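Load the model in your viewer and keep the selection tool to hand. The stops below go from charged pairs to the core, then to rings, a helix and the cysteines.

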Amino acid sequence: MKERNFEWDEAKNRENQEKHSVTFYEAQYAFLDANRVIAEDMSHSQAEQRYYCFGLNKDRNGILTVRFTFRSGCIRIIGAGYWRKGKKIYEQANSI
């Protein structure tokens, strides 16, 4: 599936929605937040570099954590959810 500059595996999207109640379509909102925080995923040890985006989804008034990588000029979403650790990182970075 591809939405503008985003892409994802549709089966992984359905799995993520069942597990975390967040679609990858919704996860894109984190990237729209001007105060978003991008962090390197230091625990990922494979050849492909991965990152986290922590950003506000105004529709649900919550801080999304999105795991992603870059592939072929697109942001490929790998996972997403509303996790306390991501919220804490976002709030510390934005002094909330």
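**Salt bridges**

The structure holds seven salt bridges, a salt bridge being a side-chain nitrogen of Lys or Arg within 4 Å of a carboxyl oxygen of Asp or Glu. This is a predicted model, in which local features need pLDDT of at least 70 and side-chain atom pairs count only at pLDDT 80 or more, while totals for chains, interfaces and linings use all residues. Residues are numbered from 1 along each chain as its sequence is written, and side-chain values use heavy atoms, with hydrogens and water left out.

Select Glu7 and Arg76. Their side chains form a salt bridge with an N to O distance of 3.5 Å. Because Glu7 belongs to strand E2 and Arg76 to strand E6, the pair ties together parts that are 69 residues apart in sequence. Helices (H or I, at least four residues) and strands (E, at least two) are DSSP runs, numbered from the N terminus. Glu7 is buried at 16% relative accessibility, and Arg76 is buried at 18%. Buried means under 20% relative accessible area, exposed over 50%, and partly exposed in between, with a 1.4 Å probe and protein chains only.

Next, select Glu48 and Arg71. This salt bridge has an N to O distance of 2.6 Å. It links distant parts of the chain, with Glu48 in the loop between E3 and E4, Arg71 in strand E5, and their positions 23 residues apart. Glu48 is partly exposed at 22% relative accessible area, as is Arg71 at 31%. Add Arg50 to the selection: salt bridges that share partners join Glu48, Arg50 and Arg71 into one network.

**Asp41 and its surroundings**

Move to Asp41, in the loop between strand E3 (37-40) and strand E4 (51-57). Is Asp41 buried or exposed? At 3% relative accessibility, Asp41 is buried. Its side chain makes a polar contact with the side chain of Ser43 at 2.8 Å. A polar contact is a pair of N or O atoms within 3.5 Å; within protein, one must be able to donate a hydrogen and the other to accept it, and residues adjacent in sequence count only if both atoms are side-chain atoms.

Now add Arg67, which forms a salt bridge with Asp41, the closest N and O atoms being 2.7 Å apart. Arg67 lies in strand E5, and the two residues are 26 apart in the chain. Arg67 is partly exposed, with 22% relative accessibility. To complete the view, show what Asp41 contacts (heavy atoms within 4.5 Å): beyond neighbours within four places in sequence, these are Gln49, Arg50, Tyr51, Tyr52 and Arg67.

**The nonpolar core**

Select Phe6, Phe31, Cys53, Val66 and Ile77. Of the 14 residues in the largest nonpolar core, these touch the most other members. A nonpolar core is a set of buried Ala, Val, Leu, Ile, Met, Phe, Trp, Tyr and Cys residues joined through side-chain atoms within 4.5 Å. Colour by element: H2, helix H3 (29-32), strand E5 (62-71) and strand E6 (74-81) each supply at least two residues of this core.

**Aromatic rings**

How many aromatic pairs does a search of the whole structure find? The search finds seven. Rings of Phe, Tyr and Trp (its six-membered ring) pair if their centres lie within 6.5 Å; planes under 30 degrees apart count as stacked, over 60 as edge-to-face and the rest as tilted.

Select Trp8 and Phe24, an edge-to-face pair with 6.3 Å between centres and 75° between the planes. Trp8 is in the loop between strand E2 (6-7) and helix H1 (10-20) and Phe24 is in helix H2 (residues 24-27), so the pair ties together parts that are 16 residues apart in sequence. Both Trp8 and Phe24 are buried.

Tyr52 and Phe54, by contrast, are stacked, at 5.9 Å centre to centre and 15° between the planes. Tyr52 is partly exposed at 22%, whereas Phe54 is buried at 4%. Finally, select Phe6, Phe31, Tyr51, Phe68 and Phe70, which form one aromatic cluster.

**Helix H1**

Start at Asp9, which caps the N-terminal end of H1 with a side-chain oxygen 3.0 Å from the backbone nitrogen of Ala11. Just after H1, Ser21 takes a positive phi of about 60°.

**The cysteines**

A search of the whole structure finds zero disulfides, a disulfide being a pair of cysteine sulfur atoms within 2.5 Å. For Cys53, the nearest cysteine sulfur is that of Cys74, 16 Å away. Cys53 is buried at 0% relative accessibility, and Cys74 is buried at 4%.
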